[in-house]
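Welcome, and thanks for opening the viewer. Shall we take a short walk through the inside of this protein, one selection at a time?

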Amino acid sequence: MTTTTTHPTLEELNTMTREAFVAALGEVFEYAPWVAESAAAQRPFNSLDALHASMLAAVHASPREQTVRFLCGHPELSATAVRSGTLTSDSQREQQSAGLGDLEQEQGERLAALNKTYLTRHGFPFIACVRHYTRAGLFAELTSRTERDTEQEFAEALRQISFISRLRLSQRVSVGSL
């Protein structure tokens, strides 16, 4: 019996139409299918790392204004959002894995207040690869990163997106041979 996977291999991604490529990878970067569209023009890729690097290059090459809008498209870490199911399926799984849906009301309110302070200071939401932190670590990271310089935080937000997108990409592409 043959098992069929719903995730394309890198070889399949390299030969897909542009539209199919974007449909397969358009959600790797939150609400930014333009990243996958840019990468589609760079095919073929000889590794998942090369594909990811191409996608990151599209983000880093975008004008500052577009990058800030891109950052603002990311959801806050929020117990309320996890419970309400208003996040993308990826963000829902990621935030739930960090236990954010299980926060007590007081912790949820504290998280909301920290998010608001961060957003007010930096002009974009706090972004962290939640799979790299414990729940307590996320609170500590949010608190310490709020005090940083905005330029430093801008770079850190992009670094965190690199971690998030690499994990998402590895979940969407089946390991296959080239």
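Which residues line the second largest cavity? Select Val28, Phe29, Glu30, His74, Ile161, Ile164, Ser165 and Arg168, and you have that lining on screen. Keep in mind as you look around that this is a predicted model. The space these residues enclose has a volume of about 30 Å³. Colour the selection by class and you should count four nonpolar, two polar and two charged residues.

**Next stop: the largest cavity**

The search of the whole structure finds two cavities of 30 Å³ or more, and the largest holds about 180 Å³ of space. Its lining has 16 residues, and those closest to the centre are Ser91, Glu94, Ala128, Ile164 and Arg168, so select these five to centre your view. Ile164 and Arg168 should look familiar, as they also belong to the lining of the second largest cavity.

Now show helix 7 (89–97) and helix 10 (150–172) as ribbons: each supplies at least two residues of the lining of the largest cavity. By class, that lining divides into nine nonpolar, three polar and four charged residues.

**Last stop: the cysteines**

Select Cys72 and Cys129 and draw a distance between their sulfurs: you should read 20 Å. Why is Cys129 without a disulfide partner? Its closest cysteine sulfur, in Cys72, is too far away for a bond, since a disulfide needs the two sulfurs within 2.5 Å. The structure as a whole holds zero disulfides.

Switch on the surface to compare their surroundings. Cys72 is partly exposed, at 39% relative accessibility, whereas Cys129 is buried, at 2%.

Notes. Residues are numbered from 1 along each chain as its sequence is written. This is a predicted model: local features need pLDDT of at least 70, side-chain atom pairs count only at pLDDT 80 or more; totals for chains, interfaces and linings use all residues. Side-chain values use heavy atoms; hydrogens and water are left out. On a 1 Å grid over the protein atoms alone, a cavity is a set of points where a 1.4 Å probe fits but cannot get out, and a pocket is an open set with protein on both sides within 12 Å along at least five of seven lines; lining residues have an atom within 4 Å of a point. Grid points are joined across faces, edges and corners, and a volume is the space filled by probe spheres set on the points. Helices (H or I, at least four residues) and strands (E, at least two) are DSSP runs, numbered from the N terminus. Ala, Val, Leu, Ile, Met, Phe, Trp, Tyr, Cys and Pro count as nonpolar, Asp, Glu, Lys and Arg as charged, and the others, Gly among them, as polar. Buried means under 20% relative accessible area, exposed over 50%, partly exposed in between (1.4 Å probe, protein chains only).
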